[in-house]
Amino acid sequence: MKFDWKKTIATVAPAIATALGTPLAGVAVHTAFKALGLEGDDEESALSAAVASGNPNVLVELRKAEQEFEIHLERIGVTLEELEVQKQKIAADSTEGARRLAVSKGTYTQNVLSALYTVGYFAMVIGLMAGKLNIPNGSTGGATLTLIGVMTKAQADILHFWFGSSLGSKQKTDAIAVK
């Protein structure tokens, strides 16, 4: 399984992690990059490699970068809550854009792919539960279980595309919009 440096950042430097996926992502990554004394043109790759190194000094420096980034946010008058709202809005706009494209171009392709995927997904799940599909002997099943996880996430994305978000998420979005 691939190391997810962003999860480590989220634990050590939550404000920087919150900024990822927002217009302030570049500032957040650059702040961490600078704090770690990294060099090069690809800041994100260098930051990922530094976090993956397991060097405890990296975590200490990330905490310092976190404090510096929080000061920067305070100076420009942005709160972490506003960043989180921006991130959610960007994700919602992306899904809405896909829906608008489907409406304008027709949904034949989305219908067919969604149906094929859903049938295949449930055939796999039922096959595993019924004992018709087995994890190979001598295998830890890691790849199979990873595949099931990925397919389950994709199935959730398909349902989200067609039926939208949960009611609780809608209520939260509506409450934020009122502010």
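Guide: Quick definition before we start: a residue is buried if its relative accessible area is under 20%. Keep in mind that this is a predicted model.

Visitor: Okay, so what percentage of the protein chain's residues count as buried?

Guide: It's 23% of the 179 residues. The accessible surface adds up to about 12,000 Å², and carbon and sulfur atoms hold 62% of that.

Visitor: How many helices and strands are there?

Guide: Nine helices and zero strands, so to read along the chain is to read α-α-α-α-α-α-α-α-α.

Visitor: And the largest nonpolar core, how many residues has it got?

Guide: That core has 23 residues, and I9, I16, L47, V51, L62 and F69 have the most contacts inside it. Elements giving two or more residues are α1 (5–12), α2 (14–19), α3 (25–35), α4 (43–52) and α5 (56–76).

Visitor: Which element gives the largest share?

Guide: α5, with five residues.

Visitor: Let's zoom in on L62. What is it in contact with, leaving aside neighbours within four places in sequence?

Guide: L62 is in contact with I9, V12, A13, A32, L36, L47 and V51.

Visitor: Switching topic: how many aromatic pairs does a search of the whole structure find?

Guide: One. Y121 and F122 pair edge-to-face, with 5.1 Å centre to centre and 80° between the planes.

Visitor: Why does Y121 count as buried?

Guide: Because its relative accessible area is 10%, and the cut-off for buried is under 20%.

Visitor: And F122, buried or exposed or in between?

Guide: F122 is partly exposed, because its relative accessible area is 42%, which lies between the 20% and 50% cut-offs.

Note on methods. Residues numbered from 1 in each chain as written. Predicted model: local features only at pLDDT ≥ 70, side-chain atom pairs only at ≥ 80, totals over all residues. Heavy atoms only, no water. Core = buried A, V, L, I, M, F, W, Y, C linked by side-chain atoms within 4.5 Å. Buried < 20%, exposed > 50% of the residue type's maximum accessible area, 1.4 Å probe, protein only. Helix = DSSP H or I, 4+ residues; strand = E, 2+ residues; numbered from the N terminus. Contact = heavy atoms within 4.5 Å. Areas by Shrake-Rupley, 256 points an atom, 1.4 Å probe, with all protein chains shown as cover. Phe/Tyr/Trp six-rings, centres within 6.5 Å; stacked < 30°, edge-to-face > 60°.
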